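Work through the exercises below with the sequence and the structure in view. Try each task before reading its solution.

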Amino acid sequence: MNVPISVRPADALRAALAGLLDGLPPTQAARAVDRLIASYRGQTPTDAPILRDRADVAAYAAYRMPATFEAVCSALDALTGAVPEGWAPGSHVDVGGGTGAATWAVAETWPGERPVTVLDWAEPALALGRELAGSIPQLRSVRWERARIGGSLAIEDADLVTVSYVLKELTEADRRSVVDAAAKAATGAVVVVEPGTPDGYARIIEARDRLIAAGFRVAAPCPHSAPCPIAPGADWCHFSARVSRSSLHRQVKGGSLAYEDEKFGYVAATRLDPVPPAARVVRRPQIRKGQVLLDLCAAEEQLRRETVTKRHGPLYRAARDTDWGDAWPPRSAG
């Protein structure tokens, strides 16, 4: 299915995914999704691809790709708010990219063509990714390469390297190797995204520490590159992205809502000279009569709560429009 060149990648992706499961019985798709969810929620890393065949990949893409896309878009949007104005990656490597959700997210964030390589060890995922990308001119030149994502991974130099929803599948040693390889290859920035769970947060913190040790500075979500102020085991840092639900989502989860919220954690680190926000909203704001309560991670390397009231004028109006994960205060509020 081809779409006009003027169509946004987000809309093109939805169009490409529509009808992806045509011909696959709904019960078979639901079983494939259930098995994939069990695999991703398991505690034991795998040394083999989770996505084994066309049915697995089609179910994964229809069920998980929209959520991964929205989570990575949120992380990239935060990165753009901290790097020098006008910066855009001239090249991109998507590590463990599977069907290419992060590649689509980069295209959504920075329009235009660029050299892109997607690395994954599941050939069926790469094949479907190539098929989906063929629907939009911006992604038709993407290279889809089979590679084992682990200790022996070699990554070509690129302005931007993304590692999204893949570290959980790896052993501890392979996780370290992949993050180190991404740091070595990235000339501009590395973005790592994981599920918004306590163990996903632990993997993000490990990746963050290794990127800082490699000379990177944190651009987002943290307003500093100092150690995370969250006491280990006491809490975890994560965010939320709103995702439209497909009929498959509603069938598998038995829900009737037209949307769901994808919880994710991330770190965006850069070799550039970032200007992180003064603070980041790390919980859903509490809007009360005449005031908004914001839980913040601040540049002073601490967590704090700020109460914004009507007497703050424009800042109060900005607080009412502020969402979980946003920078604070917004630059537009001065």
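A residue counts as buried when its relative accessible area is under 20%, as exposed when that area is over 50%, and as partly exposed in between. The model used here is predicted.

**Exercise 1. Burial of two cysteines**

Task: Decide whether C297 is buried or exposed, and find the class of C237.

Solution. Step 1: C297 has a relative accessibility of 9%, so C297 counts as buried. Step 2: C237 has a relative accessibility of 21% and therefore counts as partly exposed. Step 3: For the protein chain as a whole, 53% of the 334 residues are buried.

**Exercise 2. Disulfides**

Task: Find how many disulfides the structure has.

Solution. Step 1: A disulfide is a covalent bond between the sulfur atoms of two cysteines. The cut-off needed here is 2.5 Å between the two sulfur atoms. Step 2: Applying this rule gives a count of zero disulfides. Step 3: C237 is in no disulfide, and the nearest cysteine sulfur, that of C228, is 6.3 Å away. Step 4: For C297, the closest cysteine sulfur belongs to C222; the distance is 6.0 Å, which is too far for a bond.

**Exercise 3. An aromatic pair**

Task: Describe how the rings of F239 and F264 are arranged, and state which strands hold these residues.

Solution. Step 1: A pair of aromatic rings is described by the distance of the centres and the angle of the planes. Step 2: The whole structure contains four aromatic pairs. In the pair of F239 and F264, the centres are 6.3 Å apart and the planes are 45 degrees apart, and the pair is tilted. Step 3: F239 belongs to strand β7 (residues 239–244) and F264 to strand β8 (residues 259–270), so the pair ties together parts that are 25 residues apart in sequence. Step 4: Both F239 and F264 are buried. Step 5: Ring pairs join F239, F264 and Y266 into a cluster.

**Exercise 4. Two packed helices**

Task: Describe the packing of helix α1 with helix α4 and sort the residues of their contact by character.

Solution. Step 1: The protein chain has nine helices and 13 strands. Step 2: Helix α1 (residues 9–17) packs with helix α4 (residues 101–109) at an angle of about 145 degrees, and their axes are 8 Å apart. Step 3: Helix α1 brings P9, A10, A12 and L13 to the contact, and helix α4 brings W104, A107 and E108. Step 4: Sorting these residues gives six nonpolar, no polar and one charged.

Note on methods:
Residues numbered from 1 in each chain as written. Predicted model: local features only at pLDDT ≥ 70, side-chain atom pairs only at ≥ 80, totals over all residues. Heavy atoms only, no water. Buried < 20%, exposed > 50% of the residue type's maximum accessible area, 1.4 Å probe, protein only. Phe/Tyr/Trp six-rings, centres within 6.5 Å; stacked < 30°, edge-to-face > 60°. Helix = DSSP H or I, 4+ residues; strand = E, 2+ residues; numbered from the N terminus. Axes fitted to C-alpha atoms, helices over the stretch in contact; angles between N-to-C directions. Contact = heavy atoms within 4.5 Å. Nonpolar A, V, L, I, M, F, W, Y, C, P; charged D, E, K, R; others polar.
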